[in-house]
Amino acid sequence: MRALKQKEINYYKIFNQKPELSDKRKKYISMIAPIAAITFLGAVVLSVQLNQINSVKKQVSAEKAYLNDRTNTAKYEEYNKLYLQVAEINVITEDMRAAVAAINSFPQIRSEIFGSIYAYAGKTISISSIQYDENNAKILITGSSKDVFDASSFAASLERIEAFYSIDYTGYQSGNDNRYFFTMECTVNGTEIIPEEAE
């Protein structure tokens with residue numbers, strides 16, 4: 001069997017035999033290359049966006065599943081209930097602190113003073129009320145006596161109480177039973193006010 005003689009083919013020579021064909025190919029390639037590149041880039045961007053959309057969908061689906069789970073919603077409701085209770089307790093606590101501060105801001109009178117007032121009143125003076133004006137540190141006494149002399153004597157007796165800085169009173173005579181009605185204003189010394197440490 002006779003062996004075939006190998007032929008050498010020069011493709012470069014053949015390609016250059018028709019230069020006009022080569023120019024057309026180069027022109028075609030120069031036109032197609034940018035389009036191909038843009039198409040490829042668009043495909044890559046679209047693929048990335050689709051992956052992001054799928055990732056967001058999965059996340060939303062997981063969140064919906066979490067919210068629809070009664071166990072999770074029950075925990076949230078319990079937390080919200082506790083939060084409201086704590087907020088309510090905080091409001092009550094602040095109100096109590098304000099009330100305590102208001103109470104502590106009012107000076108209190110020693111109880112012995114009231115005992116001295118009734119002791120000096122005796123049987124001749126009828127005391128209707130005793131009020132303490134904490135803003136001005138004064139004790140207001142309203143009462144009556146059979147005449148103005150007994151009321152004046154009572155006022156003089158109250159001046160003996162060292163707790164009182166001054167005694168002022170006004171009164172009038174009643175035409176019905178002829179009794180003398182009075183109001184006495186007793187200013188208290190600061191030393192007779194109970195300090196906050198003693199409360």
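This is a short tutorial dialogue on reading a few features of a predicted model.

User: Let's begin with the overall layout. How many helices and strands does the chain have, and what pattern do they follow?

Analyst: The secondary structure of this predicted chain comes to five helices and six strands. Going along the sequence, the pattern reads α-α-α-β-α-β-β-α-β-β-β.

User: And how do I read burial for the whole chain? What share of the residues is buried?

Analyst: Buried residues make up 17% of the 199 residues here. You can also look at the surface itself: the accessible surface is about 16000 Å², and 57% of that belongs to carbon and sulfur atoms.

User: What do contacts tell me about positions far apart in the sequence?

Analyst: Take the contacts with a separation of 6 or more: residues 24 or more positions apart account for 57% of them.

User: Now charges, please. How do I recognise a salt bridge, and how many are there?

Analyst: The idea is to look for a side-chain nitrogen of Lys or Arg within 4 Å of a carboxyl oxygen of Asp or Glu. By that rule, the count in this model comes to one salt bridge. Its partners are Lys138 and Glu185, whose side chains meet at 3.1 Å, N to O.

User: Where in the chain do Lys138 and Glu185 sit?

Analyst: Lys138 is in strand β3 (residues 138–145) and Glu185 is in strand β5 (residues 180–188), so the pair links distant parts of the chain, 47 residues apart.

User: Are Lys138 and Glu185 buried, exposed or in between?

Analyst: Partly exposed is the term for values between the cut-offs of 20% and 50%. Lys138 is partly exposed because its relative accessible area is 22%, and Glu185 is partly exposed too, at 28%.

User: What about Asp150: where is it, and what is its nearest side chain of opposite charge?

Analyst: Asp150 is found in helix α5 (residues 148–158). Asp150 is buried yet has no salt bridge, and the nearest side chain of opposite charge, Lys146, is 4.4 Å away. Leaving out residues up to four places away in sequence, Asp150 touches Thr124, Ile125 and Ser145.

User: Ser145 came up there. Is Ser145 buried or exposed?

Analyst: Ser145, which lies in strand β3, is buried because its relative accessible area is 0%. Its side chain reaches the backbone oxygen of Asp147 at 2.6 Å.

User: Which residues does Ser145 touch?

Analyst: Again not counting residues up to four places away in sequence, Ser145 touches Thr124, Ile125, Asp150, Ala151, Arg179, Tyr180 and Phe182.

Notes: Residues numbered from 1 in each chain as written. Predicted model: local features only at pLDDT ≥ 70, side-chain atom pairs only at ≥ 80, totals over all residues. Heavy atoms only, no water. Helix = DSSP H or I, 4+ residues; strand = E, 2+ residues; numbered from the N terminus. Buried < 20%, exposed > 50% of the residue type's maximum accessible area, 1.4 Å probe, protein only. Lys, Arg positive; Asp, Glu negative; His and termini not counted. Contact = heavy atoms within 4.5 Å. Areas by Shrake-Rupley, 256 points an atom, 1.4 Å probe, with all protein chains shown as cover. Polar contact = N/O pair within 3.5 Å; in protein donor to acceptor, adjacent residues only side chain to side chain.
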